[in-house]
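Subject: Structure handover

Hello,

Here is the structure you are taking over. Please open it next to this message and follow along.

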Amino acid sequence: MMRLSYFSPKTEVRQSKIHGRGLFAIADIAKDEIVAVKGGRTVDRKTLREKITPRLGPVEIQIDDDLFIAPATDEERELSMLYSNHSCDANLGIRGEITFVAMREIRAGEELTHDWATTDNDDYSVECKCGAPNCRKTVTGKDWQRPELQKRYAGYFSAYLARKIAGGLSFRAKRGTSQSG
Ligand SMILES: [Zn+2]
C-alpha cells in the first residue's frame, strides 16, 4: 500500500532515546525544508476519542479546535505515523497544519522532533521526559498560550493556532489602547 504520509528522503525511522521509535535526519536538512507531511483521515474529536485513540493510541495531529488527521486502522497506522517525538527543544515546526519543516539547520544524525505546543489545543497535562535542557517537565495542551513559546516558535505554529495567537495579540493591543486613552 502507498504511504498516507510523506517523508523527506533525508529521514529515517529508528529507535529513539526519547521514546520508542523516532524520526532521524540521515543527511543535513536546511532551515524551512519540508521534512514530513502528515496524511490520514480527517476526523472530529468525538470520533478520535471514541473510535481511534482506544485502538491505536496517540496517532493524530490536531489541525483545528475539533479536527484531527489520523489513521483509522492498524494498517493505516503504519502508513500514517510520522514518529516525530515531542521535544521541549524541537527542531521541526509546522507550515500550514500538516507540513513539518525544519526550524533551523539540522545535521545528519539528529532526531527530528516537534513541540506539541505548536500543534495542540487540548486539555491534557502530561509529565515530559524529553531530556532537553529546557524541558518544561509538564507539557499541557494549552502550552501554545505561553508567551515564551509563542516567541520561540513564531512562524512555526499550526495555522489555526497562529490565528488564535495573532487574535490574542491584537485584542491585547486594542485593550492597551483603550486603557491608555
Ligand atoms: Zn520536555
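**What was found**

Arg41 stands opposite Ala70 in strand 7. That pair is a good way in, with one caution first: this is a predicted model.

**The three-stranded sheet**

The Arg41–Ala70 pair belongs to the contact between strand 5 and strand 7, residues 67-70. These two strands pair in the antiparallel sense, over 4 bridges. Helix 1, residues 45-56, packs on the sheet. The helix touches strand 5, strand 6 and strand 7. Its direction makes about 100° with that of strand 5.

Now the sheet itself. It is open, with 3 strands in the order 5-7-6, and the pairing is antiparallel. Which strands stand at the edges? They are strand 5 (41-44) and strand 6 (61-64). Each has a single partner strand, so one side of each is left without a neighbour in the sheet. On average, neighbouring strands are turned by 35° against each other, direction ignored.

The other pairing joins strand 6 to strand 7, antiparallel, over 3 bridges. Here Ile61 has Ile69 of strand 7 as its bridge partner. Strand 6 and strand 7 form a hairpin, and 2 residues lie between them.

**The zinc site**

Which residues hold the zinc ion as protein donors? There are Cys88, Cys128, Cys130 and Cys135, each through SG. The donors lie 2.3 to 2.4 Å from the ion. The 4 donor atoms subtend angles of 106 to 115° around the zinc ion, which makes the arrangement tetrahedral. For reference, the ideal angle for four tetrahedral donors is 109.5 degrees. Along the sequence, the donor residues follow the spacing C-x39-C-x1-C-x4-C. Two of these donors, Cys128 and Cys130, are buried.

**Pairings of strand 4**

Strand 4 has a pairing with strand 1 and another with strand 10. Strand 1, residues 6-7, is joined to strand 4 by 2 bridges. The two run antiparallel, and Tyr6 stands opposite Val37 in strand 4. Strand 4 and strand 10 also run antiparallel, joined by 3 bridges. In that pairing, Ile34 stands opposite Val101 in strand 10.

**The nonpolar cores**

The largest nonpolar core has 16 residues. Which of them touch the most other members? Ile29, Val35, Ala36, Leu92, Phe100, Ile106 and Leu112 do. Several elements give two or more residues to this core: strand 3 (21-25), strand 4 (34-37), strand 6, strand 9 (92-95) and strand 10 (99-102). Apart from this core lies another, of 12 residues. Among its members are Val101, Met103, Tyr153 and Tyr156. As background, nonpolar side chains tend to be buried together in soluble globular proteins.

Ile29 deserves a closer look. Leaving out residues up to four places away in sequence, Ile29 touches Lys10, Val35, Ala102, Arg104, Glu105, Ile106 and Leu112.

**Single residues to check**

Most residues other than glycine have a negative phi. Two entries here go the other way.

- Asp32: phi is near 75°, a positive value. Asp32 is found in the loop between strand 3 and strand 4. Its relative accessibility is 35%, so Asp32 counts as partly exposed.
- Tyr83: phi is near 60°, also positive. Tyr83 has its place in the loop between helix 2 (74-80) and strand 8 (85-86). Is Tyr83 buried or exposed? Tyr83 is buried, because its relative accessible area is 12% and the cut-off is under 20%.

Last comes Gln150, in helix 3, residues 147-152. Gln150 is buried too, with a relative accessible area of 18%. Gln150 and Ala117 are 33 residues apart in sequence. In space they are 8.8 Å apart, C-alpha to C-alpha.

Over to you.

Best regards

Terms used:
Residues numbered from 1 in each chain as written. Predicted model: local features only at pLDDT ≥ 70, side-chain atom pairs only at ≥ 80, totals over all residues. Heavy atoms only, no water. Pairing = 2+ DSSP bridges. Axes fitted to C-alpha atoms, helices over the stretch in contact; angles between N-to-C directions. Contact = heavy atoms within 4.5 Å. Donors = N, O, S within 2.8 Å, 3.2 Å for Na, K, Ca; no water. Tetrahedral: all angles 85-135°; square planar, octahedral: opposite > 155°, others 65-115°. Buried < 20%, exposed > 50% of the residue type's maximum accessible area, 1.4 Å probe, protein only. Core = buried A, V, L, I, M, F, W, Y, C linked by side-chain atoms within 4.5 Å.
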